[in-house]
2 protein chains.
Amino acid sequence: MSEVGTFEAVERVSTTEQVMRALRRAIVSGELPQGAQLREVQLAQQLGTGRSAVREAVRQLVQEGLVHHEVHRGAFVRMFTPDDIVDVYRAREAVELAAVELVLAAESVDLAPLRAALDRLREAAACGSGTWRDMAEADIAFHEALVLRAGSPRLARMAATLAAESRMHLLAYPPYSPQRNVEDHERILLALEQGSAEAVELLREHLRYSARLATEGRQA
Amino acid sequence: MSEVGTFEAVERVSTTEQVMRALRRAIVSGELPQGAQLREVQLAQQLGTGRSAVREAVRQLVQEGLVHHEVHRGAFVRMFTPDDIVDVYRAREAVELAAVELVLAAESVDLAPLRAALDRLREAAACGSGTWRDMAEADIAFHEALVLRAGSPRLARMAATLAAESRMHLLAYPPYSPQRNVEDHERILLALEQGSAEAVELLREHLRYSARLATEGRQA
DNA sequence: ACCTGTCTGATTGTCGACAGTAGGATCGCG
DNA sequence: CGCGATCCTACTGTCGACAATCAGACAGGT
């Protein structure tokens, strides 16, 4: 039991896991457009692996809601309707508000990851347009870090799933008001640092505003 | 385009789906005890199918959190620590409170499924002990129906996942106060029917009370 | 022109085979 | 007797093969 040095467990990733990450990245980045069919043999060849790994990875993505599967027809990248976007934000509201309440209830929580994400967000916003991709990433990282701080594995898992869906439509439709977005996150973090219950309402407003932007700003 | 008659789509279940349901049932019912290893070949033989179907089903259960998987070691039925139970109730609070708020915000929601579940719960409670299994089922059905009425696919999916975990430990540890349990649900449903915002607090209290019962009553 | 049955190419569902790994049993040595 | 190396068995990871199924094209009858 004599511990010498601190080692992180080596990350062992199976082929399936790697395939899953690759597919998820391709989907949320739009490389695989919405509605595209995921052909198992083709993907297996592209990725240099067998069909089994691809199949399992696809099944996983189905469970995450990124992919839609029909028996004997195949798997397709999910089509996001406006209703879906509304629903994603509804679910995020449920999860993230609960997370904020947990963070506020805990006596001391390390908010450094949040500040780091906020810095990245601020930087991306300052660099002007064209970097909205980085902005979206930082935005999502902020929210994901927030839920992580709550220390609830289940909330974190839900948040991760929802983050993938958010990423998908954020990268597709970037109707951002950069300064407003930065300010929102700043205010939320500030309230959290002060332990103010105001953070709950700020986050709720931020999410509802984002949802409105995402659903209205489609034709813009 | 002339629609004649109304038909529900035929339910096509693949082998994988069937295997998944069988395994989930066996797990939440305790037939497969916590910590048990899920051997692929053995399960495949028992279920009269091949390994692929079993593998995919197991992967799915891993994603649902009922099963734990280690590379090159195998899949095991998840062990539930007290922390896990607390976390399940935390996550349920997040999901179900959000659902209640959505139900209250909607103008008219059909609450018949809730009343049906409540009736079953009342009946099971009246039959005395020994039927706590039916009680647990009715209890879970009530909460699942509640979230379904909110009309949010994502909240519903999360609730289903959490319901499986709840079922698992409810069937293992039935520390029930039947009358209190029935009363709680009655009050919640009543408040919902009246459109009273009180329902939120009632549900929160109910869940916290259940969580306390589940974590304290272990040694009883 | 429309509907219907058939054929066909492609894709998924399912399966067993082969290789690699983990953990325990066995054996040898100090 | 204790400890380490080695072997061995069982299991999983991965793969390609075969069967079942689907969507679309095509032909024939009404």
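In the predicted model, β2(B) and β3(B) form a hairpin. Three residues lie between the two strands. In the turn, B:His72 has a positive phi of about 65°. The hairpin strands run antiparallel, and four bridges join β2(B) to β3(B). One bridge partnership links B:His69 to B:Ala75 in β3(B).

The hairpin belongs to an open sheet of three strands in chain B, with the order β1-β3-β2 and antiparallel pairing. The edge strands are β1 (37-38) and β2 (67-70) of chain B, and each pairs on one side only. Strand β3 (residues 74-77) of chain B also pairs with β1(B), in the antiparallel sense, over two bridges. Here B:Gln37 has B:Phe76 in β3(B) as its bridge partner. In general, strands of a sheet pair through backbone hydrogen bonds, either parallel or antiparallel. A helix accompanies the sheet: α3(B) lies across β1, β2 and β3 of chain B. The helix α3(B) runs at about 110° to β2(B).

The helix α3(B) also takes part in the surface near DNA strand C, where it contributes the largest share, three residues. In total, 17 residues surround DNA strand C. Both chains are represented among the closest, which are A:Glu40, A:Gly74, B:Thr15, B:Gly50 and B:Ser52. Three elements each supply at least two residues of this surface: α2 (40-47) of chain A, and α1 (15-28) and α3 (51-64) of chain B. By class, the surface near DNA strand C has three nonpolar, 10 polar and four charged residues.

Around DNA strand D there are 17 residues. Those that come nearest are A:Thr15, A:Gly50, A:Ser52, B:Glu40 and B:Gly74. Two or more residues come from each of α1 (15-28) and α3 (51-64) of chain A, and from α2 (40-47) of chain B. The most is given by α3(A), with three residues. The surface near DNA strand D divides into three nonpolar, 10 polar and four charged residues.

The two protein chains also touch each other. In this contact, 20 residues of chain A meet 20 residues of chain B. On the side of chain A, the elements that give two or more residues are α3, α4 (82-105) and α7 (153-172). The largest share, eight residues, comes from α4(A). This side of chain A has nine nonpolar, four polar and seven charged residues. The helix α3(A) thus appears at two surfaces: the side that touches chain B and the surface near DNA strand D.

The secondary structure of chain A comes to nine helices and three strands. Along the sequence, these elements follow the pattern α-β-α-α-β-β-α-α-α-α-α-α. The radius of gyration of chain A is 19 Å, close to the 17 Å that the globule rule gives for 220 residues, so chain A is as compact as a globular protein of that length. Along the principal axes, the C-alpha atoms of chain A fill a box of roughly 65 × 55 × 30 Å. Of the 220 residues of chain A, 37% count as buried. Among the contacts in chain A with a separation of 6 or more, 73% are between residues 24 or more positions apart.

Conventions
Residues are numbered from 1 along each chain as its sequence is written. Chains are lettered from A and ligands numbered from 1 in the order in which they are written. This is a predicted model: local features need pLDDT of at least 70, side-chain atom pairs count only at pLDDT 80 or more; totals for chains, interfaces and linings use all residues. A residue is near a molecule or strand if its C-beta atom, placed from the backbone, lies within 6 Å of it. Ala, Val, Leu, Ile, Met, Phe, Trp, Tyr, Cys and Pro count as nonpolar, Asp, Glu, Lys and Arg as charged, and the others, Gly among them, as polar. Two strands pair if DSSP finds at least two bridges between them. Two residues are in contact if their C-beta atoms, placed from the backbone, lie within 7 Å. Axes are lines fitted to C-alpha atoms, for helices over the stretch in contact, and angles run from 0 to 180 degrees between N-to-C directions. The radius of gyration is taken over C-alpha atoms; the globule rule is 2.2 Å times the number of residues to the power 0.38. A residue is buried if 20 or more other C-beta atoms lie within 10 Å of its own, exposed if 12 or fewer, and partly exposed in between; C-beta atoms are placed from the backbone.
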